[in-house]
Amino acid sequence: MAIDWQKLAAQYREAYIADLTTLVGIDSARDDSLATDDYPLGPGPAKALLAFLELAKRDGFKTKNLDNVVGYVEYGEGEETLAILGHADVMPAGKGWHTDPFTLTAKDGNLYGRGTSDDKGPSLAAYYGLKMLKDQGILPKIKIRFIIGTDEESDWTGMNHYLDLEPAPTLGFSPDAEFPLINGEKGNVTFTTAFGGQNGSADFLQAFDSGLRENMVPRDAEATVVTDNAEQMMADFSTFLDQAPVAGSVTSDAMGVHFQVVGKAAHGMEPKNGINAGTYLASFLTTYDFGKDAADFLSLIAHKLHDDSRAHQLGIAYTDKVMGDLTMNVGVMTFTAGKSGLVNTNFRYPTGTGADQIKAGLTQATAGMTVELKQGREMVPHYVDPSDPIVATLMDVYRQQTGDMQAQPEVVGGGTYGRLMKRGVAFGALFPGTADTMHQADEFQPEADLLKAMAIYGQAIFELTKQGWLR
């Protein structure tokens with residue numbers, strides 16, 4: 001069967017944009033403060049999942065909702081299953097947007113809104129790829145499950161719930177990264193360094209707040225300081241802003257001196273793409289006469305973590321010839337006088353190092369400080385050989401649809417659902433040369449790219465399932 005996949009995808013443009021408008025209109029960031037029995041991750045993620053499943057029901061697919069945290073769309077039959085794993089949750093919108101993050105906005109050929117790039121736009125494009133097959137009357141030789149998670153941006157509660165209830169898929173792809181194809185993902189682990197809330201007798205750190213999530217470079221930072229040296233500190237801060245690659249402001253009142261810093265948000269897998277407002281603010285404040293926990297909190301950030309995405313100051317820098325560098329993102333920094341403080345560091349690491357080495361570096365860096373070091377969930381490195389048919393088939397489709405015959409699979413620091421499958425990869429939908437705005441303000445994806453991705457996904461699903469299981 002000869003199908004012009006791009007021409008076919010173009011016929012779905014209006015319907016796709018209408019459905020994406022619906023999905024982007026739902027603020028589906030996980031919010032545990034709003035969790036209920038019906039909405040275990042808060043109402044937003046569940047509402048986005050339900051909206052996705054309603055689209056599939058409308059189109060005549062079999063669907064199943066597993067307790068409002070994960071669901072799937074099914075097409076075809078067979079003992080074996082090809083899995084397509086996307087997610088309906090998003091990162092918190094944060095500040096700095098020029099459009100409403102939850103209103104799909106078309107401008108200069110781009111579609112703006114939270115989730116257009118990560119991952120509502122790509123997941124919906126993959127769904128439409130599946131829909132094209134069904135609408136053409138193409139019945140796959142194996143079962144296809146399009147699985148929709150609801151907290152990929154946090155701890156994968158939904159997908160873990162799926163694995164508790166359903167057979168684990170062993171082969172498939174996640175439309176949650178970039179083209180041409182991701183066949184390797186670094187390991188991923190987060191450490192939280194917890195401090196007390198004590199200050200010394202000189203300058204007094206009343207509060208410090210920066211960051212929204214561990215896997216997001218903080219755009220904004222705020223701090224309040226009580227000091228007898230307010231005028232000099234404010235003048236010094238103005239000089240600091242003239243020299244640092246951040247913007248900001250400083251004011252003073254009866255409550256103290258109030259600092260604000262604005263950097264640039266970015267995905268935590270490559271902190272170099274952002275400017276960490278929190279570490280810049282700490283690097284300024286640490287030059288003053290703070291004491292006890294406040295001094296340790298600022299010192300760790302400024303002297304061991306600031307502007308060091310490869311963790312040289314921790315003594316754990318590492319590079320693998322296939323997977324590349326270990327990277328570190330300082331995602332959340334908070335301090336409240338009299339209560340507590342914490343610094344959250346997220347590491348993406350290649351084969352050859354791991355959580356033990358990272359913990360040793362942080363332990364050494366905090367020697368002499370009164371802290372508690374806590375390790376979060378760890379995901380070890382994942383790699384699928386380029387010769388595997390899942391990689392070879394998808395790469396062939398990409399080359400056919402784009403004409404880029406030199407394209408090769410890649411290894412990245414991002415973590416996708418693809419790593420849940422032994423032969424799982426990440427496949428699109430960010431094209432080479434398109435700006436990566438995932439986890440940033442003004443997130444967008446070019447409309448033409450999303451339609452091209454739809455065509456690629458349609459052909460990819462067809463090729464992977466037309467002859468049965470890929471051995």
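The protein exposes about 18,600 Å² of surface, and carbon and sulfur atoms supply 47% of that area. The model behind this value, like the others in this passage, is a predicted one. Of the 471 residues, 59% count as buried. The C-alpha atoms fill a box of roughly 80 × 45 × 45 Å along the principal axes. A compact globule of 471 residues would have a radius of gyration near 23 Å, and the protein agrees with this, because its own value is 23 Å.

Along the chain, the secondary structure comes to 11 helices and 26 strands. Contacts in this fold often join distant parts of the sequence: among those with a separation of 6 or more, 77% are accounted for by residues 24 or more positions apart. As for charge, there are 62 negative side chains and 38 positive ones. The centres of these two sets lie 6 Å apart.

Helix α9 is a good place to start a closer look. This helix spans residues 355-365, and its buried residues are Ala-355, Ile-358, Gly-361, Leu-362 and Ala-365. Seen down the axis of α9, these residues fall within an arc of 125 degrees, so they line one face of the helix. The general geometry helps here: an α-helix has 3.6 residues a turn, so residues three or four places apart point the same way. On the face of α9 turned away from the buried side sit the exposed residues Asp-356 and Gln-364. The partners of the buried residues come from several parts of the chain: they pack against strand β10 (187-196), helix α8 (292-305), and strands β20 (340-349) and β21 (371-379).

Another helix, α4 (residues 120-135), holds Lys-131. Is this lysine buried or exposed? Lys-131 counts as buried because its relative accessibility is 11%, where the cut-off for buried is under 20%. Once neighbours within four places in sequence are left aside, Lys-131 is in contact with Tyr-12, Asp-59 and Phe-61.

Some details of the backbone also deserve attention. In general, most residues other than glycine have a negative phi, and most peptide bonds are trans. A cis peptide bond, with omega at about 10 degrees, joins Phe-179 and Pro-180. Pro-180 is found in the loop between β8 (177-178) and β9 (182-185). Gly-428 and Ala-429 are also joined by a cis peptide bond, here with omega at about 15 degrees. Ala-429 belongs to strand β25, which covers residues 429-430.

Positive phi values turn up in loops. Asp-67, which is not a glycine, has a positive phi of about 60 degrees, and its place is in the loop between β1 (62-66) and β2 (70-75). For Asp-307, phi is near 50 degrees, again a positive value in a residue other than glycine. Asp-307 lies in the loop between α8 and β17 (319-320), and this residue is exposed, with a relative accessible area of 65%.

A last stop is Leu-34, in the loop between α2 (13-24) and α3 (43-58). Leu-34 is partly exposed, its relative accessible area being 46%. Not counting residues up to four places away in sequence, Leu-34 touches Tyr-39, Gly-42 and Pro-43. Leu-34 and Gly-428 are 394 residues apart along the chain, and their C-alpha atoms are separated by 32 Å.

Notes:
Residues are numbered from 1 along each chain as its sequence is written. This is a predicted model: local features need pLDDT of at least 70, side-chain atom pairs count only at pLDDT 80 or more; totals for chains, interfaces and linings use all residues. Side-chain values use heavy atoms; hydrogens and water are left out. Helices (H or I, at least four residues) and strands (E, at least two) are DSSP runs, numbered from the N terminus. The radius of gyration is taken over C-alpha atoms; the globule rule is 2.2 Å times the number of residues to the power 0.38. Buried means under 20% relative accessible area, exposed over 50%, partly exposed in between (1.4 Å probe, protein chains only). Contact means heavy atoms within 4.5 Å. Accessible areas come from the Shrake-Rupley method with a 1.4 Å probe; for residues, only the protein chains shown count as cover. Lys and Arg count as positive and Asp and Glu as negative; His and the chain ends are not counted. The place of a charge is taken as NZ of Lys, CZ of Arg, CG of Asp or CD of Glu. The arc is that of the directions from the helix axis to the C-beta atoms.
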